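Here are my notes on the model you sent over, written as numbered points. Have the structure open while you read.

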Amino acid sequence: MELGDTLPIWSIAPFAGMLLSIAIFPLVKGEWWEKHQLHVAAFWSLLFLVPFAFAYGGGVVYEQLLESIVVDYIPFIVLLFGLFVVTGGIRVAGTIKGSTRNNVIMLAIGTLLASWIGTTGAAMLLIRPVLRANIWRKHKAHIVVFFIFLVANIGGCLTPLGDPPLFLGYLRGVPFFWTLEHIWPLLLVNTVVLLALYALIDRHFVKKEGEEGRERFELLDAADERTPIRIEGKRNIIFLAVIIVAVILNGSIPQMDLFIDPAVGATYGVSLSEHVHLGMEYFIQIALILIAAALSLRLTPAEVRASNHFEWGPIAEVAKLFIGIFITMIPALAILRAHGADLGIDTPLEFFWASGALSSFLDNSPTYVVFLTAAGSLGAGGAAGAVATTVGAVAPEILLAISAGAVFMGANTYIGNAPNFMVKNIAESAEVKMPSFFGYMGWSVCILIPVFIIDSLLFFL
């Protein structure tokens, strides 16, 4: 019997408490929250772990923590750390005026980059140039919100390098370029619609800047203020390539017979328990990423990071909060794994909204795997172009729905995808007054949900 079959539904209460803490404490006790984020994460984690240990025993707790922390959280935070450090050493210098047109161009470039260097890589690379370009504005939170929508989420849908859920699909047999071949029409529709909406909203806020805002903007147009656009810290592009190679190796090594240990049926490595085996690809990925980050810190001129306003706050906040999220969501994911196939979900439309809704609040990677497994259990029903995966053949329209839902709807909340939090933190460090947790959800409900309804009508009915 699976763990999720025996866990009561109220066992997800600490996870709900963790999410509510993230939503409410910054509003009511902002300074206290900044100092005690890790303490809050520890409180909710222990509130789950202590009764869980009494009910199921230390062995089950050990097994679940291995899977949650060692297998999932450590590679997750190491990858974010590496991308944060390396992209923090790349500075797009020069004069970029934060006009509506230029902002649209930067958002479009970031959206296209996200599928190839990851949503975290693209977001960390471009958020600082976007903020510098719009330093003349008083009203700019909407720019960051659309940046999160497009660059930190939707843009990562084309390849397994773009977003972790697609990478897990790749590990389970989905061809590397399958999403690129099938999801690009959705990306095109969403990008065009969101950029058009952004342009309309941005013009409204430009008008609100008034005469004083126009004067600040015109100063950037002065000849003595204008400098050519250039890239500083170029050696970090090599380190970024190393990180991308590390991610690719993590997926390709388990597919090579040369590295398979016949005794365990997996790659050579270390078995920490009966169900947790860390293959050599795990250690290779982490080692390469940490080496790239260390070389970036050692070899990037200090003035480049200083001019980039590089600081450790964003990655520290993600590390502290997400360890609490990863631990407290253990029962939610266990229940979902046990009953995902029993939810009665069997159409592309249902898979799109179900995987998307849960990916808005849970980690979208295991959510994707749960629904992929549920889809595999349905069988492809003789569908043309069915995709053979390790969890069974999946109909292409259902795989497309799961992929789109998991990637796109991570933009619905600040916790839907890790770069969301990092972008928010960097923007607030630049004195941008960002929406609260629920305030941001107000933006996503008003802007993204109608876009996803368009997706449903065009692609999933």
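1. Let me start with M124. Setting aside neighbours within four places in sequence, M124 is in contact with F84, T87, M422, V423 and I426. This is a predicted model, so please read every contact in that light. M124 sits in helix 5, and its relative accessibility is 0%, so it counts as buried, the cut-off being under 20%. As for I22, the C-alpha atoms of M124 and I22 are 22 Å apart in space, with their positions 102 residues apart in sequence.

2. Staying on helix 5, look at N103, which also belongs to that helix. Is N103 buried or exposed? Its relative accessibility is 1%, so N103 counts as buried. Which side chain does the N103 side chain meet in a polar contact? That of N134, at 2.9 Å. Beyond four places in sequence, the residues in contact with N103 are G98, N134, R137, I143, Y198 and D202.

3. Now the second largest pocket, which holds about 440 Å³ of space. It is lined by 22 residues, and V92, I96, I109, L126 and I229 are the closest to its centre. Which helix gives the most to this lining? Helix 5 does, with nine residues. Helix 5 (100–133) and helix 9 (235–252) each put at least two residues into the lining. By class, the lining of this pocket has 17 nonpolar residues, two polar and three charged.

4. On to the core. The largest nonpolar core counts 140 residues, and I22, F147, F322, F351, Y368 and F408 have the most contacts inside it. Helix 5 turns up again here: it provides the largest share of this core, 13 residues. As background, nonpolar side chains in soluble globular proteins tend to be buried together. Taking F322 from that group, its contacts outside the four-place window in sequence are Y73, F76, I415, A418 and F421.

5. Please also look at helix 13 (residues 330–339). Why call it largely enclosed by the rest of the structure? Because eight of its 10 residues are buried. Those buried residues are I330, P331, A332, L333, A334, I335, L336 and A338. They pack against helix 1 (3–6), helix 3 (30–56), helix 4 (58–88), helix 12 (313–328), helix 14 (348–359) and helix 15 (364–378).

6. How many cavities of 30 Å³ or more does the structure hold? There is one. The largest cavity has about 50 Å³ of space. Its lining is made up of P160, L166, Y170, V174, P175, F176, T179, Y368 and S403. In that lining, seven residues are nonpolar, two are polar and none is charged. Y368 is also among the core residues with the most contacts.

7. Of the cavity-lining residues, T179 deserves its own point. T179 is placed in helix 8 (residues 178–219) and is buried, with a relative accessible area of 5%. Its side chain reaches the backbone oxygen of L158 at 2.7 Å. Leaving out residues up to four places away in sequence, T179 touches C157, L158, T159, L166, W184 and S403. L166 and S403 also appear in the lining of the largest cavity.

8. Helix 7 (residues 164–171) comes next, with P165, L166, F167, G169 and Y170 as its buried residues. L166 and Y170 are also among the residues lining the largest cavity. Just after helix 7, check the backbone at G173, where phi is positive at about 105°.

9. Last, H139. It is found in the loop between helix 5 and helix 6 (141–150). H139 has a relative accessible area of 27% and is partly exposed. Not counting residues up to four places away in sequence, H139 touches F205, K208 and E209. How far is the C-alpha atom of H139 from that of K433, 294 residues apart along the chain? The separation is 8.7 Å.

How values were computed. Residues numbered from 1 in each chain as written. Predicted model: local features only at pLDDT ≥ 70, side-chain atom pairs only at ≥ 80, totals over all residues. Heavy atoms only, no water. 1 Å grid on protein atoms, 1.4 Å probe; cavity = no way out; pocket = protein on both sides within 12 Å on 5 of 7 lines; lining within 4 Å. Points joined across faces, edges and corners; volume = space filled by probe spheres on them. Helix = DSSP H or I, 4+ residues; strand = E, 2+ residues; numbered from the N terminus. Nonpolar A, V, L, I, M, F, W, Y, C, P; charged D, E, K, R; others polar. Buried < 20%, exposed > 50% of the residue type's maximum accessible area, 1.4 Å probe, protein only. Contact = heavy atoms within 4.5 Å. Polar contact = N/O pair within 3.5 Å; in protein donor to acceptor, adjacent residues only side chain to side chain. Core = buried A, V, L, I, M, F, W, Y, C linked by side-chain atoms within 4.5 Å.
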